Amino acid sequence: MKSESALPLAVTPDPGRVLDPLPFASPGAFDPGLEAFLQEAAHHLCRWLGTAASRPPLPGLSLLPEVEPQPLGLGGERLLADLQLLMEGSYNPSHPGALAHLDPPPLTSSLVGDLVCAGLNNNLLAEELSPTLSRLERSLCGWLARRVGLGEGASGVPASGGSLSNLMALVTARHSRGLQTCGEAVVIGSTDLHVSIDKALVVMGLAPEALRRLPVDREGRLDPGQLERELIELERRGRPVIAVVATAGTTVRGAVDPLVALAAVCRRHGVWLHVDGAIGGVLALSERHRGRVEGIGLADSITLNPQKLLGITKTSSLLLLADPGLLPATFATGLPYMEPSWGPCHGGESGLQGSRSAEILKLWLGLRQLGLDGIDRLIEAAIERRRRLHSLLETALPQGALSLVSGPLHLLAFRPAGFDAGACASWSARCRADLMAKQLMLSRPLYQGHHHLKAVLGNPHTGEAELETLAAMVRRSLPTIAAQNAGIGAVSMGVAGNGNGAGSSHG
Ligand SMILES: Cc1ncc(COP(=O)(O)O)c(C=O)c1O
């Protein structure tokens, strides 16, 4: 590392003024101190990224640097040394064995996007605080909404994460139905809805019972016939519906609800359809893969989370609407302390958030860095890894030893077939710990009453070696089960709502 003196903070003296010791970049001259500081920080980060494979996905507990500010400010060298401690203790998404969650390594251009975004420090609250970035946001949201099939005139707004996008969708749907003060109104989805919908109901002041969770079929999908029966029953009882929430990519297995049929049911009953596409929505950007989320463009609103599969740095999430005018109709309050908007409305009036950063910048850079071909290939590779792991597990284990649940995306969860809940809990804890020791990190979700191990195959660094080791270790975790199954012949193909055929029924 360079010496302390080579790393001054941005304190370049401004001739003719009393030396201002505060660390802001000079507005009157190029600041070599700032450049050196950024370069050194970039060097630390590139080294951290470039050594990811030599550290486990989940590090052990590391030292936390001193937290409180000292009486006198610190120099760059000390700040970077403290930062290094934090980095050593950080989750390591770039490790090829990081397969547990929907948190891939960062796309390189989105690192640059975040840095420049911070440097510009614009505010998407209002155009006069973000003149070009507000236009960029509107323009890219419009392109994304059209690209996923919401139609001409569609657009949306970024939000800090999928949970917030889902919440804004439901608040907008409720407002458009004039149900703001109706305590009887309900939201309908499947048992596999993401928990952010429960949270949205809390924020909206609705009772937990207002979320009607319908059971999923063997493929983990909401059944349109069942939805129709539920809507008829609710009509009979005079319970208004805020929205039906379908999921394009459920959290544990990546199932996609039958969106075309669900949209037809919603249309027949005049009900808002929101698609939580936090996981699978980005597939609609790809001509080659949009069939896996067929019908997504028939929704009234869609949550799209490029921070997941596309690797845009967190947070990057959007709410897209067929009729984006409903956003200001719901959220606009007027901003009396701002000049009027130059466009349809201020960014801070088209959603829940007021001040917010230009998240759109890294998304714009990332999409252009990838290109349509890169998006296709990234999705293709993730799905191919899921297919490959599925087939390795099937060949490594006696037929029916595992109950695998999956869908058309890049997620796969499994557990020993025929095990009760307690046995699944201990097997999954033990197997996960053994895998961790080999630097393979899976998650351990509780799904349909049983703990599963879940692999998210969105990490572009994961290769054949990791998948083979993973399958072999899962096989070794189950010798007695295999024998047991062979002995009793009671292989449970559908215990977890889906049998071994689940994944293979998807391309
Ligand atoms: C289907 C689904 N919807 C919504 C979310 C929430 O997204 P976020 O964590 O960005 O708030 C998730 C998170 O994993 C999810 O899986």
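1. Two strands are taken to pair if DSSP finds at least two bridges between them. On that basis, in this predicted model, strand β8 and strand β9 (residues 411–416) are joined by 5 bridges and run antiparallel. Within this pairing, the bridge partner that Ser-403 finds in β9 is Arg-415.

2. The two strands just named belong to an open sheet of 3 strands, which has the order β8-β9-β12 and antiparallel pairing. Because β8 (402–406) and β12 (453–456) stand at the edges, each with a single partner strand, one side of each is left without a neighbour in the sheet. On average, and with direction ignored, neighbouring strands of this sheet are turned by 20° against each other. Helix α11 (residues 421–437) packs on the sheet, where α11 touches β9 and β12, and the direction of α11 makes about 120° with that of β9.

3. As for the division of the chain, an automatic or database assignment gives domain 1 (4–92), domain 2 (154–330) and domain 3 (379–504). The C-alpha centres of domain 2 and domain 3 are 29 Å apart, and the contact between these two domains involves 18 residues of domain 2 and 19 residues of domain 3. On the side of domain 2 that touches domain 3, the residues divide into 7 nonpolar, 6 polar and 5 charged.

4. A further open sheet has 7 strands with mixed pairing, and its order is β1-β7-β6-β5-β4-β2-β3. The edges are occupied by β1 (155–159) and β3 (211–214), each of which has a single partner strand, so one side of each is left without a neighbour in the sheet. The average turn between neighbouring strands of this sheet, direction ignored, is 20°.

5. Which strand pairs with β4 in the parallel sense over 4 bridges? The partner is strand β5 (residues 273–277), while β4 itself covers residues 241–247. In this part of the sheet, Val-244 stands opposite Leu-273 in β5.

6. Turning to the helices, two packed helices are described by the angle between their axes and the distance between the axes. For helix α7 (residues 224–236) and helix α8 (residues 259–269), the angle is about 15° and the axes are 9 Å apart. Since angles under 35 degrees count as roughly parallel, α7 is therefore roughly parallel to α8. The crossing in which α7 passes α8 is right-handed. On the α7 side the contact is made by Pro-224, Leu-227, Glu-228 and Leu-231, and on the α8 side by Ala-261, Leu-262, Val-265 and His-269. Sorted by class, this contact of α7 with α8 has 6 nonpolar, 1 polar and 1 charged residues.

7. The other helix pair to note is helix α3 (residues 108–120) with helix α10 (residues 359–396), whose axes come within 8 Å and cross at roughly 155°. Because angles over 145 degrees count as roughly antiparallel, that angle makes α3 roughly antiparallel to α10. The crossing of α3 and α10 is right-handed. From α3, the residues Ser-109, Ser-110, Val-112, Gly-113, Asp-114, Val-116 and Cys-117 meet Leu-361, Lys-362, Leu-365, Gly-366 and Gln-369 of α10. How do the residues of the contact of α3 with α10 divide into nonpolar, polar and charged, and how many fall in each class? There are 5 nonpolar, 5 polar and 2 charged residues in this contact.

Technical notes:
Residues are numbered from 1 along each chain as its sequence is written. This is a predicted model: local features need pLDDT of at least 70, side-chain atom pairs count only at pLDDT 80 or more; totals for chains, interfaces and linings use all residues. Axes are lines fitted to C-alpha atoms, for helices over the stretch in contact, and angles run from 0 to 180 degrees between N-to-C directions. Angles under 35 degrees count as roughly parallel, over 145 as roughly antiparallel, 65 to 115 as roughly perpendicular and the rest as oblique. A crossing is left-handed if the near helix is turned anticlockwise from the far one by less than a right angle, and right-handed if clockwise. Two residues are in contact if their C-beta atoms, placed from the backbone, lie within 7 Å. Ala, Val, Leu, Ile, Met, Phe, Trp, Tyr, Cys and Pro count as nonpolar, Asp, Glu, Lys and Arg as charged, and the others, Gly among them, as polar.
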